[in-house]
Amino acid sequence: MTVLSIIIGVLLIMCGISCIFTPALTFLSAGYFIIILFWVYGIMGVARGIATKNFGIDFFFSILSLIAGIVGFIYPGAAAMETNMIILTFAAIWFVLKGILSIMLSIQAKEFTGNTGLMVVGILLGVISILLGIYSFAHPFVLAIAIGLLIAFYFIESGISMIILALRSNG
């Protein structure tokens, strides 16, 4: 099992390195994976909102993610370009809403913890997320490349983690 985990880890790293050189193609190829992520995130967020009876901005954001996932499944292959543009639009909206949520939660967390440093970091990350979302609306191709690179780094990180866990479990 250790050897198989190491082989899979190396393959994931190689796949990630390959994706670094073709991030736009990676995004286009990973469209269904992104749609599934939107769908799963949306379902889990809506279920969490209903279970906790919390219907705030996070609940709204989950519904938005769920809609993005449903739209992606309704228009597969035949409307690939439109689906990808919808994904990019929803991703840009996601960055803006997540930024707003981060700012709101940072301010609320300061009231509970009294830690101004964490609040400033949370607000800064929220502002960066909002700016990234606005920039993504203006330049969706850049967002497609960024998502492709994130996928590449995910593969590399997963491969490294798999190798490290395999080596640790063996010895």
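Reader: Into which class, buried, partly exposed or exposed, does the relative accessibility of D58 place this residue?
Author: Buried means under 20% relative accessible area, exposed means over 50%, and partly exposed lies in between, with a 1.4 Å probe and protein chains only. The value for D58 is 24%. D58 therefore counts as partly exposed.

Reader: What kind of model is this, and on what basis are its features reported?
Author: Residues are numbered from 1 along each chain as its sequence is written, and side-chain values use heavy atoms, with hydrogens and water left out. Local features need pLDDT of at least 70 and side-chain atom pairs count only at pLDDT 80 or more, while totals for chains, interfaces and linings use all residues, since the model is predicted.

Reader: With which residue does D58 form a salt bridge?
Author: Side chains of opposite charge can pair when their charged atoms come close. The criterion is a side-chain nitrogen of Lys or Arg within 4 Å of a carboxyl oxygen of Asp or Glu, and the count comes to one salt bridge. In that pair the closest N and O atoms are 3.2 Å apart, and the partner of D58 is R48.

Reader: Which helices does this pair tie together?
Author: Helices are DSSP runs of H or I with at least four residues, strands are runs of E with at least two, and both are numbered from the N terminus. The paired residues are ten apart in sequence. R48 is partly exposed at 39% relative accessibility. Because R48 lies in one helix and D58 in another, the pair ties together parts of α3 and α4.

Reader: How many helices and strands does the chain contain?
Author: From the N terminus on, the elements run α-α-α-α-α-α-α. The C-alpha trace spans about 50 × 45 × 30 Å along its principal axes. The secondary structure comes to seven helices and zero strands.

Reader: What share of the contacts in the chain between residues at least 6 apart in sequence joins residues at least 24 apart?
Author: A contact requires heavy atoms within 4.5 Å. Among contacts between residues at least 6 apart in sequence, the share that joins residues at least 24 apart is 77%.

Reader: Which helix supplies the largest share of the largest nonpolar core?
Author: Such a core is a set of buried Ala, Val, Leu, Ile, Met, Phe, Trp, Tyr and Cys residues joined through side-chain atoms within 4.5 Å. The largest has 17 residues, of which F27, F38, I87, L88, F90, L143 and I147 touch the most other members. At least two residues each come from α3, α4, α5 (80–113) and α7 (140–170). The largest share, six residues, comes from α5.

Reader: Which residues does L143 contact beyond its neighbours within four places in sequence?
Author: L143 is one of the core residues that touch the most other members. With its sequence neighbours left aside, L143 is in contact with L88, A91, A92, F95 and S136.

Reader: Which helix gives the most residues to the nonpolar patch on the surface?
Author: Patches are made of residues with over 30% relative accessible area and no salt bridge; like charges are joined within 9 Å, and nonpolar side chains (Val, Leu, Ile, Met, Phe, Trp, Tyr) within 5 Å. This patch consists of I36, W39, V40, I43, M44, I70, F73 and I74, with about 720 Å² of accessible area together, where areas come from the Shrake-Rupley method with a 1.4 Å probe and, for residues, only the protein chains shown count as cover. Both α3 (31–52) and α4 (57–74) supply at least two residues. The helix that gives the most, with five residues, is α3.

Reader: Where does K53 lie, and what is its phi?
Author: Most residues other than glycine have a negative phi, and most peptide bonds are trans. K53 is exposed, at 67% relative accessibility. K53 sits in the loop between α3 and α4, and its phi, a positive value in a residue other than glycine, is near 55°.

Reader: Why do C15 and C19 not form a disulfide?
Author: A disulfide needs a pair of cysteine sulfur atoms within 2.5 Å, and a search of the whole structure finds zero. C15 is partly exposed, with a relative accessible area of 32%, whereas C19 is buried, at 10%. The sulfur of C15 has its closest cysteine sulfur in C19, too far for a bond because the separation is 4.2 Å.
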